[in-house]
2 protein chains.
Amino acid sequence: MQEASPGRARVTIADIARAAGVSKPTVSRALNDHRDVGAATRERVREVAAELGWFPHAGARALRTGRHDTIGLLMPLTHWWGYADIQYGIAEETARRGLHLLVQPLHPGERAEREFVTRTLPALSIDGLILLMPEGTPRHVGALAHTGPPAVVIDDRGHRLDLPYVESTNRAGFRDLVRHLVGTGRKRVAFAGGQLDDAFAQERFEGYQDALREAGLPYDPELTVLPADREPTAEELGELLAAGPDAVAAAWDEIAFGVLNVAHTEGRRVPEDLAVAGFDDSPIARVMRPPLTTVRQPFREMGSAAVRMLLDAIEHGAPPAHFTVPTELVVRASCGAR
Amino acid sequence: MQEASPGRARVTIADIARAAGVSKPTVSRALNDHRDVGAATRERVREVAAELGWFPHAGARALRTGRHDTIGLLMPLTHWWGYADIQYGIAEETARRGLHLLVQPLHPGERAEREFVTRTLPALSIDGLILLMPEGTPRHVGALAHTGPPAVVIDDRGHRLDLPYVESTNRAGFRDLVRHLVGTGRKRVAFAGGQLDDAFAQERFEGYQDALREAGLPYDPELTVLPADREPTAEELGELLAAGPDAVAAAWDEIAFGVLNVAHTEGRRVPEDLAVAGFDDSPIARVMRPPLTTVRQPFREMGSAAVRMLLDAIEHGAPPAHFTVPTELVVRASCGAR
DNA sequence: TTGTACGCGTTATCAG
DNA sequence: CTGATAACGCGTACAA
């Protein structure tokens, strides 16, 4: 035993039973809202429990029931606001349901992934797992599907795993964005992308092409910059602007910020000469000059949806499904629509 | 029992004992690196355990030992990158030590705080708690000090609680920043603050005054903007610039961004006409135009330091102490020093 | 509606 | 160095 601090010993249901003059099982039933307990007994037991300051021992309960009332979150080590926002949504939903949230950092690399799945995961006191997967998704974690606890994936753009997942409307959201630009009279809409090995950017690029097709506008390769493994540089953005677009849709807000900077340097007025738009609605979007038109990613909602799906799988054995949370166009000054 | 999925039943040390031809206690000792176990026995037990795919049941272990190998993190619901970075540091350190991290969102308000301390906290399966306290620190959580598990506070600027805490050098860091501006020849350094009820901004303001005093420069109220409960507006920043500063030190990076915007609108060149600097080294600092000189907050280090302090308190009963992590001046183009 | 008896998986104690 | 025994706190058969 620890007994480090000389604090009084733990209060157990045995103590309550003694004080209330009933047996342990009766206390347990009263405390767990079982129906077959006398109303008067239940009340008395609860009063005594509160008086004695009893609280359940999660470990003992888990040992007996096999449930931990805890869900795990496997997430990359990052300080990107988007993942923090997803965690926000998850934490809010778990707290609302009286569940605990155990956060496990995911170290990159095959070795670390395998280590996690084979050694760390099985020993976790959790009822289910949410996988927050960055691009370059851990493939070994896929083994989870059939060996570990119920799991739900957020952002599995590649759909490589046979697991339920939550996604947002990247492609349709980007299409809506470009559609909006076209709707305000822009004819030469450029696309500034990046990291096309990333399925996110890929889907957004497809949404861009969808919108062009839909509007009967030609796809002009000169109006796209697509560095495969990074964001476009200022030089690349300069070349893009040299091709004469009247609007630039960026794959995410930070790229749009770069576009604004280059446009400013070259003396192009935004939005008069050039409309600029981004994607994600990051915290910096609203403070850009001019404030950036963008598409809000429903990160919090994705988090809470993942929790709900996971509980469905845990409690009702729901089969692998997927849930799509819609993005939302946010019109600000940079596109000239207002 | 759950037995939901027809997966094989859990492997316990009893299974290992049977397979290895020894008793349960011996298996336990072998698996826990007790000294009084024969080397050969230990090896054999370990091999069998690996072969059978055994892993410990955390709940059962906690029930017996009173330890959970888990620490709790109480943090506000936010997506601010700074808190995410602190969590990064905490998660990295706990993972390194084989500990688990249980994240508890802190809902604002006295009622929710009291609820947390009296109902949620006692039932958590944790050995210690890290309190990530936003401004307007929960006072009721202070009751933790003597009733709950060992706790460590991060960012308790007011030092109101009798708990160990981790802080960074806000005041000295800001003094260094202003000292740097003065060192490059600026004579009229302005301060753009905000939320002075917040101890952070207060300390930075004091650092600003320290540097002026040290340099023998007068404190001119016209060169400060100090909105009490928010960030300065563009109009307020315009008035500040009208007072003719040759440098502006902002209490945090986002304010500096606003200064850059206003300076640009008014046609002032940065850094030629006006040096601008911020504080925090947020992700947007390096992409501003020009890139922002600022002071890096050692968030990750603060997180890992908090874990170490907490473990000290848990394992060795270390008395309440405090630990200060130094900030670091980051010189970029906006101050003209290079 | 309530009580008796037991076991979940693990480790501490003690005897050998 | 090892084994027998008991106990951690709780919930669930089953019997009353």
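Select B:His34 and B:Arg42. The backbone oxygen of B:His34 sits 3.3 Å from a polar atom in the side chain of B:Arg42. That is a polar contact (a pair of N or O atoms within 3.5 Å; within protein, one must be able to donate a hydrogen and the other to accept it, and residues adjacent in sequence count only if both atoms are side-chain atoms). This is a predicted model: local features need pLDDT of at least 70, side-chain atom pairs pLDDT 80 or more, while totals for chains, interfaces and linings use all residues. Residues count from 1 along each chain, chains are lettered from A and ligands numbered from 1 in written order, and side-chain values use heavy atoms, without hydrogens and water.

Stay on B:Arg42. Is B:Arg42 paired in a salt bridge or unpaired? B:Arg42 is buried (under 20% relative accessible area, 1.4 Å probe, protein chains only), yet has no salt bridge. A salt bridge needs a side-chain nitrogen of Lys or Arg within 4 Å of a carboxyl oxygen of Asp or Glu. The nearest side chain of opposite charge, B:Asp33, is 4.3 Å away. Here Arg counts as positive and Asp as negative.

Now select DNA strand D. Which residues come nearest to DNA strand D? Of the 28 around the strand, they are A:Arg61, B:Thr26, B:Arg29, B:Gly38 and B:Thr41. Near means a heavy atom within 4 Å.

Zoom in on three spots:
- B:Gly38: a backbone N or O atom lies 2.6 Å from a phosphate oxygen of strand D.
- A:Asn32: a polar side-chain atom lies 3.3 Å from a phosphate oxygen of strand D.
- B:Arg64: a side-chain N or O atom is 3.5 Å from a base nitrogen of strand D.

Notes
Buried < 20%, exposed > 50% of the residue type's maximum accessible area, 1.4 Å probe, protein only.
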